[in-house]
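Open the model in your viewer and keep the selection tool at hand. The tour goes stop by stop.

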Amino acid sequence: MNNNIRNLVFDLGDVLIQYRWRDFLQALGVKPEDVDRIGAEMFDDPKQLWHEFDLGNKDGQQVAGELGEEYPEDAKVIADFVGHGEYMHLPRIRVWELVHILKQQGYGIYLLSNYPEELFYKHTQYADFMKDLDGRVVSFEIHEGKPEPPIYQELLRRYHLNPAECLFFDDRRENILGAQACGIHGKQVFSQESLLEDLEKIRQGRIEEILQEEETGK
C-alpha cells in the first residue's frame, strides 16, 4: 500500500448508499418547486429538528409529528420521508464490489455516519458492504455528529487507528475538513462515478494520485 494508507473510511449516505433527499421527494411525486421549498424549510437549516433525530433524541414518528404540525400542508410527505418505505434501498453494487476487493487486498474498512438509528438499520439491513466492515461509529452512539471532532476521535480511539493511515470519503466538504482537522486524509465524493474512479485507483495501487488531489483541493 502506498503512502501508509491502510484504512478506508466511508460516509454512508450518498457514498456507500445512493440516497439523496431531493431524489426521494421527487420519487414521492412532489413537484420540483415544492422540493425546493420543503428542502429550505426542513433540511438545509442546521438547527432544524432533524438534528435531534440524527442524534437519537427523537424517533422518526415524533419528528414527523412535530414537523407535520409546523408544516401541515406537507405532513403526509414528511411522514412518508421519515418512513422511507420502498425507496430506501438504492444500492451501489459496483462500489460494494470494490470495497470487498480492497478488503481482500488488506485495507481496513470503516464507516462513519450521522444517520439516526432507525434509518441506519433500514439503510444497512441488506447492504452487502456490511460484511466487510472492520468497525463503525454512528452519531447516535456518541451523541455527536460530523463535522465536529468527537466522531472522528471516537473512530481513532475505538479501533486504535493512526489518523495518518486513514483516508475518509464523504460527499460534504465540511465533513472532509472535520476529518482533516483530526489528521485524517479526506477526499470529497461528488458522484458515484467519482467514487468509483477513486476506488479503482486504490485497487490499482495509485492511491498517491488521490492524496495529491486532496492536497491541491481537486
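**Stop one: a helix and its surroundings**

Select Gly183, just after helix H10: this glycine takes a positive phi of about 90°. Bear in mind that the model is predicted.

Step back to H10 itself, residues 173–181. Which of its residues are buried? Pick Asn175, Ile176, Gly178 and Ala179. They sit on the same side of H10 because they cover an arc of only 160° around the axis. Now show what the buried residues of H10 pack against: helix H9 (149–159), strand E4 (166–170) and strand E5 (185–188).

**Stop two: the strands**

Select strand E2, residues 108–113. Here 6 of 6 residues are buried. Gly108, Tyr110 and Leu112 point one way, while Ile109, Leu111 and Ser113 point the other.

Add strand E1 (residues 7–11), which pairs with E2 in the parallel sense over 5 bridges. Find Phe10 opposite Leu111. Then add strand E3 (residues 135–138), parallel to E2 and joined to it by 4 bridges. Arg136 is the bridge partner of Leu111 in E3. Trace the chain from E2 through helix H7 (residues 117–124) to E3: this β-α-β crossover is right-handed.

**Stop three: the cores**

Turn to the largest nonpolar core, with 49 residues. Leu8, Phe10, Leu16, Phe129, Leu167, Leu199 and Ile202 have the most contacts inside it. Helix H6 (residues 93–104) gives the most to this core, with 5 residues.

Center on Ile202. Beyond its neighbours within four places in sequence, its contacts include Leu8, Leu102, Tyr107 and Phe169.

Last, select Val137, Leu156, Cys166 and Cys182, which are among the 15 residues of another core, apart from the largest.

Conventions
Residues numbered from 1 in each chain as written. Predicted model: local features only at pLDDT ≥ 70, side-chain atom pairs only at ≥ 80, totals over all residues. Heavy atoms only, no water. Buried < 20%, exposed > 50% of the residue type's maximum accessible area, 1.4 Å probe, protein only. Helix = DSSP H or I, 4+ residues; strand = E, 2+ residues; numbered from the N terminus. Arc of directions from axis to C-beta. Contact = heavy atoms within 4.5 Å. Core = buried A, V, L, I, M, F, W, Y, C linked by side-chain atoms within 4.5 Å. Pairing = 2+ DSSP bridges. Right-handed = clockwise from strand over helix to strand, strands pointing away.
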